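Reader: Hey, got a minute to go through this one with me? I'd like to hear about contacts, voids and surface, in whatever order suits you.

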Amino acid sequence: LVARAAGANDHHRVDQVVYQAFLVAVLLAVGVLAPSGYFLAPHLLRLVNASPEVIAQALPFLRTMFLFSIGMLLFFMLGGALRAAGDARTPLRLGVVMTALNIIFNVLLISGAGPIPALGTRGAAIGTVLASGCVSAVAMWMMLTGRLVIHFHREMSWKPDVTIIRQLFRFGLPAGIQGVAMNIAGVMLLRFIGSLEHSAEAQAAYAVGYAELFSLITWTSVGLMGAAAAVAGQNLGAGNPERSLRAVHLAARIGLGVAACLAALFLSIPRVLLGIFSITDPIVVELGTQLLRYLSVSGFFITVALTFTGGLQGTGDTRSPLYITLVSQLVVPMGLCFALQSMGRLEASGVWTAIVLGHARRWVLTIWPFQQGKWKTIQV
C-alpha cells in the first residue's frame, strides 16, 4: 500500500497507511500475540520433541518474546514502510543500532554484571525485547518530529480508518499467514530431524548449515525481495508495469550471482565453513558437509522464488505466494518426510532432499503467476 501511494506521489496517503498499520500492529501485539503466545509456548516446544532440559530453558525465553513482541512488530512494520517509501538507509541504521543494543543487553543480562543478576535464557529474551523496544520508540519519535520521509502530523486523522485497515488485512493477512506457514514448516522439519538416529548431531548440522550458513543466501534474497516489492509497487502506482517486470527480473539475476558464489564455497570448503562454528564432532561434520552439498543447489531455487515473491507482494498479489508456500513448504517436503518415515527409511539425506524439492517447487510455482501478469490489474 505504501509503495503504491509513493509511486502515485500521494504523500498524505503514505502517512495515513503507516499510521493505520501502527494501530493494527499494536492491536496484534497486545491483543493476539501476547496472550496466545504465552499459553501456547509449552505446546510449541513439545511439538519439536524438546527435552525437559531444553523446555526449562526455552519456555521463559519464548514467553518473554511473545509478551513483549510489540517492539519487534513495530520495527519490521516501520522498516518495511520506509523501504517501500524509498528510504532503505534508515531501516539499515536502526537495524545496526538494534543489533548493537541486543549484544550489550545480552552480555549484561545472560551472565550478569555487578548488581545485575545472571538471568540466563530469560535474560537473552529480555535483552532482545529491550533492544527492539528502544529502537522502535526512536523510530516513532523520528516520525512524529518530521525527521523521516514518513511522518505523523497534526493535520492527519488520528482515528482508525476502517477502509485502510480493511485493505491492510486484505493484502497483509495472506502474507502474514504465509510467514506463519513457513514457521510451522520449520517446526515440523525439526520434528522429523529430531526423530533421526543421530538426531542431536543432525539438528546441530541443520542449525549451522541451514540457519546460519544458508542464511547468507536467504537473507540476501529477502533483501532483494523487499527491494523488488518496493520498486515493483512504486512503478505500478506510477502506471509503469513494464518497469515493475524488469525490476524483478534484475533482482533475480543479482540473487543468482550471490547464490553461485556461495554454492562454490559450500562445495569447495564445507569443513572450513563448519569449523567457523567450532563444529568438530565427526558425525556433525559429515552431516553438515552433506547438507551444504544439497543447499548449494537449493540456493538457486530459493533466491529466484523470493525475488519473484517480492514482485507479487509489492504489486498487491499476496494470495498466490500464500498458496505457493502451503504447497512448496508444507505439502511437498513434509509429505516426503512423512512417507519416508512411514516406510522406516527416513534418514538425514531424505530430509535434505525434501528441503531442495520444496524450494524447487516454490521456484516453479512463483515464476508462473508473476509472468502471467494478472498483478497489473489489481486495484488498490
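**Contacts, voids and surface**

Author: A search of the whole structure turns up 1 salt bridge, meaning a side-chain nitrogen of Lys or Arg within 4 Å of a carboxyl oxygen of Asp or Glu. Before going on: this is a predicted model, where local features need pLDDT of at least 70, side-chain atom pairs count only at pLDDT 80 or more, and totals for chains, interfaces and linings use all residues. Residues are numbered from 1 along each chain as its sequence is written, and side-chain values use heavy atoms, with hydrogens and water left out.

Reader: OK, which side chains meet in that salt bridge?

Author: Lys376 and Glu242, at 3.0 Å from N to O. Lys376 sits in the segment after helix 14 and Glu242 in helix 10 (residues 241-268), so the pair ties together parts that are 134 residues apart in sequence. Helices here are DSSP runs (H or I, at least four residues), numbered from the N terminus.

Reader: And are Lys376 and Glu242 buried or exposed?

Author: In between. Lys376 is partly exposed, with a relative accessible area of 35%, and Glu242 is partly exposed too, at 40%. The cut-offs are under 20% for buried and over 50% for exposed, with partly exposed in between (1.4 Å probe, protein chains only).

Reader: While we're on helix 10, where does Val258 sit?

Author: Val258 is in helix 10, and it is partly exposed at 24% relative accessible area. From Val258 to Ile355 is 19 Å, C-alpha to C-alpha, with their positions 97 residues apart in sequence.

Reader: Switching to voids. How many cavities of 30 Å³ or more does the search find?

Author: The whole-structure search gives 1. A cavity, on a 1 Å grid over the protein atoms alone, is a set of points where a 1.4 Å probe fits but cannot get out; a pocket is an open set with protein on both sides within 12 Å along at least five of seven lines, and lining residues have an atom within 4 Å of a point. The largest cavity holds about 30 Å³ of space, where volume is the space filled by probe spheres set on the points, and points are joined across faces, edges and corners.

Reader: What lines the largest cavity?

Author: Its lining is Phe75, Leu78, Gly79, Leu82, Pro91, Leu94, Val135, Ser136 and Ala139. Helix 4 (70-84), helix 5 (89-110) and helix 6 (120-144) are the elements that give two or more residues to it. Helix 4 gives the most, with 4 residues.

Reader: How does that lining divide into nonpolar, polar and charged?

Author: The largest cavity has 7 nonpolar, 2 polar and no charged residues in its lining. For the classes, Ala, Val, Leu, Ile, Met, Phe, Trp, Tyr, Cys and Pro count as nonpolar, Asp, Glu, Lys and Arg as charged, and the others, Gly among them, as polar.

Reader: Now the second largest pocket. How much space lies in it?

Author: About 280 Å³. It is lined by 15 residues, and the closest to its centre are His198, Leu287, Gln290, Glu347 and Ala348. Helix 12 (282-315) and helix 14 (348-372) each supply at least two residues of the lining, and helix 12 gives the most, with 6. By class, the lining of the second largest pocket has 6 nonpolar, 4 polar and 5 charged residues.

Reader: On to the surface: which residues make the nonpolar patch?

Author: Leu28, Val32, Phe169, Leu173 and Ile177 make a nonpolar surface patch of about 390 Å². Patch residues have over 30% relative accessible area and no salt bridge, with like charges joined within 9 Å and nonpolar side chains (Val, Leu, Ile, Met, Phe, Trp, Tyr) within 5 Å. Areas are from the Shrake-Rupley method with a 1.4 Å probe, and for residues only the protein chains shown count as cover. The largest share, 3 residues, comes from helix 7. Ile177 lies in helix 7 and is partly exposed at 42% relative accessibility.

Reader: Last thing, backbone. What is phi of Asn9?

Author: Near 65 degrees, a positive value in a residue other than glycine. Asn9 lies in the loop between helix 1 (2-7) and helix 2, and it is exposed at 55% relative accessible area. Ser278 also has a positive phi, near 60 degrees. Ser278 is in the loop between helix 11 (270-275) and helix 12, exposed at 60%.
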